[in-house]
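Please find below a short set of comments on the chain under review. They move from the overall architecture to two individual threonine sites.

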Amino acid sequence: MELDRFNTAHRPWPLPELPWIMKQTWRNLLFAHWPVPADELRACVPKELPLDTCEGSAWLAVVPFRMTDIRLRGLPPIPGTSRFPELNVRTYVTLHDKPGVYFFSLDAAHTLAVKLARWLCRLPYYRADMGVTVQNETVFYRSERRQAGAAFAARYKPVSAPYTAKPGTLEHWLTERYCLYTLNGHGDVMRCDIHHRPWPLQKAEAELYENNMLTGNGLPFDPDVPPLLHYAEALEVRIWPLLKAADRMS
């Protein structure tokens with residue numbers, strides 16, 4: 001049974017009428033979140049996108065994970081392109097009452113994927129040398145961007161049973177988002193809808209050996225503030241075409 005035919009009651013708006021175009025599974029994912037003053041972050045986000053805030057702060061996240069089971073709708077996986085590590089730096093914006101994600105950078109260990117994502121999705125992808133090892137429940141993750149040298153290295157693991165975040169909580173606000181926003185070459189706001197089940201979150205602990213992903217993107221960041229950490233073992237995702245947000249008021 002297709003994922004987009006059931007379990008949609010948790011969504012903040014209905015599924016798009018268009019068919020989804022790509023599926024992925026995100027595995028061994030860490031959410032590392034830091035609160036930052038909204039007035040300091042405002043200059044780092046395009047003026048066309050209103051910042052979303054919670055508990056009086058804007059939030060930045062570094063999100064390492066593995067992508068697997070990647071394929072276009074109706075097609076089998078392309079050999080050599082169906083799995084690779086990815087590392088995202090993101091914040092949160094909202095438009096037309098649809099809260100979403102804005103990416104400052106996305107590092108991936110696949111040259112073709114980086115080129116296609118830059119071209120098709122208008123997203124700031126970078127090629128990086130990356131490695132992920134999982135021993136029991138502990139994930140050892142490293143990434144070093146080939147351009148400009150932004151790097152991340154960490155050890156992390158879950159420390160609780162899986163649970164679903166309750167609406168109204170900070171962790172629900174941070175994670176349950178069903179679109180991303182970007183700008184095209186003409187300055188138009190673009191939106192890409194996604195769908196998945198509610199996040200199967202777990203509390204996490206992590207040791208960040210190296211992390212200049214935030215400062216490397218010119219973002220305000222206090223290294224003395226400990227991150228809020230969550231882990232997700234696996235989540236299957238459907239992705240829709242990137243279209244102008246003005247054409248997708250519903």
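**Comments on the fold and two threonine sites**

1. The model is predicted. Residues 24 or more positions apart account for 69% of the contacts in the protein chain with a separation of 6 or more.

2. The protein chain contains 3 helices and 11 strands. Read from the N terminus, the order of elements is β-α-β-β-β-α-β-β-β-α-β-β-β-β.

3. Of the 250 residues in the protein chain, 51% count as buried. The exposed surface of the chain comes to about 11,900 Å², and carbon and sulfur atoms supply 53% of that area.

4. T25 belongs to strand β1, which spans residues 22-36. Its relative accessibility is 6%; because buried means under 20%, T25 counts as buried. The T25 side chain forms a polar contact with the side chain of D69, at 3.1 Å. Beyond residues up to four places away in sequence, T25 touches R66, M67, T68 and D69, together with A234, L235 and E236.

5. T91 sits in strand β3, residues 84-95. With a relative accessible area of 0%, T91 is buried. A polar atom of the T91 side chain lies 2.7 Å from the backbone oxygen of W59. Neighbours within four places in sequence aside, the residues in contact with T91 include L41, V45, L51, W59 and L60, as well as G100, V101, Y102 and F104.

6. Which partner does each threonine side chain have in the polar pairs listed here? For T25 the partner is the side chain of D69, whereas for T91 the partner is the backbone oxygen of W59.

Key:
Residues are numbered from 1 along each chain as its sequence is written. This is a predicted model: local features need pLDDT of at least 70, side-chain atom pairs count only at pLDDT 80 or more; totals for chains, interfaces and linings use all residues. Side-chain values use heavy atoms; hydrogens and water are left out. Helices (H or I, at least four residues) and strands (E, at least two) are DSSP runs, numbered from the N terminus. Buried means under 20% relative accessible area, exposed over 50%, partly exposed in between (1.4 Å probe, protein chains only). Contact means heavy atoms within 4.5 Å. Accessible areas come from the Shrake-Rupley method with a 1.4 Å probe; for residues, only the protein chains shown count as cover. A polar contact is a pair of N or O atoms within 3.5 Å; within protein, one must be able to donate a hydrogen and the other to accept it, and residues adjacent in sequence count only if both atoms are side-chain atoms.
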